[in-house]
Amino acid sequence: MNVTRASDECAAVLEAIGEAVICDREFLEEILVAVVGRGHVLVEDVPGTGKTLTARSVAAALGLSFSRIQFTPDLLPSDVTGTHVFDERERTFEFNEGPIFANIVLADEINRAPPKTQAALLEAMEEGQVTTDGETRALPDPFFVIATQNPVEQEGTFPLPEAQVDRFLVKSSMGYPDEAGEVELLRRRADRETTSPSVETVLEPEQIDRLRSVPESIRVDEDLLEYVAALARETRADGRVEVGVSPRGTQRLFEAARAYATIVGREFVTPDDIKRVARPVLTHRLVLTPDATVNDVDKRAVVDDVLESVPVPTLEASADAGPD
């Protein structure tokens, strides 16, 4: 699959999801960056903004299986991965797959489950497999996690450790719809038959595999590699930051930039591509100092300042080499 074809398919997916989900296109692009970039996404938003509908719509548009896990304080790891059940007829134990065995998994309110259950996702997200009772089982391919958490109500929650947050390629937020969007929600509610809009299937699973291989062909010039590394290193030097972007985060920024270039149909990465994905890719990887936390420093402002302070390379040669 070439870049032009990949971009057309991404546009069709965004259009199909946008027919059902009322939100900014930028949010849907960030979801798709994670899909194309072989990553996972963490959505932090208040209840009722349409996170579940978004996850279902993404699965429907991509023609993939979907599973929703409601994370609660009493959820066990086996409730996620699956467990062995005794078959009285065969007198043997059979493995019953848990809800993690789906192409797209919605981990709803992930911070409400205890750390042991949260950790059940780590192997799945990183390796595409789960291990139960010493036996490793492969998850469906592709495998994509959309995790959500409520930023307001924190009572009875278990904040995700930095090591787990770092495994999400993108962290994003839907936000409230604009006035026109909220009126459209009321129109849908007035007509009960259209309360849950259907989403057209745009791609087949085999197409998704080809689509996700396209970023590997996207060119990233040497000075842009240095730019990506400089952005990550600058976060570590910021006085408001206790723990900056890890080397894994540096690689994720690189991967996200290539995925975004694929979505917009460009055969090379530009500085603007890197800037576009920097906030959703880097912000959640920062750990602020106690003083910065007390002073309510916004992590997004830190990333914005880093983007402002690091010199941007000029890529006239790359622009000349791109498509007309």
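Helices, of at least four residues, and strands, of at least two, are runs assigned by DSSP and numbered from the N terminus, and the names in the legends below follow that numbering in a model that is predicted.

**View 1. Asp-238 sits in a loop between a helix and a strand.** The loop that holds Asp-238 connects α10, which covers residues 222–237, with β10, which covers residues 241–243. Is Asp-238 buried or exposed? Its relative accessibility is 14%, and because the cut-off for a buried residue is under 20%, Asp-238 counts as buried. A polar atom of the Asp-238 side chain lies 2.8 Å from the backbone nitrogen of Arg-240.

**View 2. The stretch 233–305 carries a UniProt domain annotation.** An unreviewed UniProt entry places the feature "domain: ChlI/MoxR AAA lid" at residues 233–305. Over these residues the chain of the predicted model is 64% helix and 7% strand, and the C-alpha atoms at the two ends of the stretch are 13 Å apart.

**View 3. Strand β5 is covered on both faces.** In a regular strand, side chains alternate between the two faces of the sheet. Strand β5 spans residues 104–108, and five of its five residues are buried. On one side of β5 these are Ile-104, Leu-106 and Asp-108, while Val-105 and Ala-107 are buried on the other side.

**View 4. Strand β5 pairs with β2 and with β8.** Strands of a sheet pair through backbone hydrogen bonds, and the pairing may be parallel or antiparallel. Strand β2, made of residues 66–70, pairs with β5 in the parallel sense over five bridges; within this pairing, Arg-68 stands opposite Leu-106, and Ile-69 has Ala-107 of β5 as its bridge partner. Strand β8, made of residues 144–149, also pairs with β5 in the parallel sense, over four bridges, and here the bridge partner of Ala-107 is Ala-147.

**View 5. Five strands form an open sheet, and a helix packs on it.** Which order do the strands of this open sheet follow? The order is β2-β5-β8-β1-β9, with parallel pairing. Strands β2 and β9 (170–172) stand at the edges and each has a single partner strand, so one side of each is left without a neighbour in the sheet. On average, and with direction ignored, neighbouring strands of this sheet are turned by 15 degrees against each other. Helix α3, residues 51–62, packs on the sheet and touches β1 (41–44), β2, β5 and β8, and the direction of α3 makes about 175 degrees with that of β5.

Conventions: Residues are numbered from 1 along each chain as its sequence is written. This is a predicted model: local features need pLDDT of at least 70, side-chain atom pairs count only at pLDDT 80 or more; totals for chains, interfaces and linings use all residues. Side-chain values use heavy atoms; hydrogens and water are left out. Buried means under 20% relative accessible area, exposed over 50%, partly exposed in between (1.4 Å probe, protein chains only). Two strands pair if DSSP finds at least two bridges between them. Axes are lines fitted to C-alpha atoms, for helices over the stretch in contact, and angles run from 0 to 180 degrees between N-to-C directions. Contact means heavy atoms within 4.5 Å. UniProt positions are given in the numbering used here, feature names are shortened, and annotations may be inferred rather than shown by experiment. A polar contact is a pair of N or O atoms within 3.5 Å; within protein, one must be able to donate a hydrogen and the other to accept it, and residues adjacent in sequence count only if both atoms are side-chain atoms.
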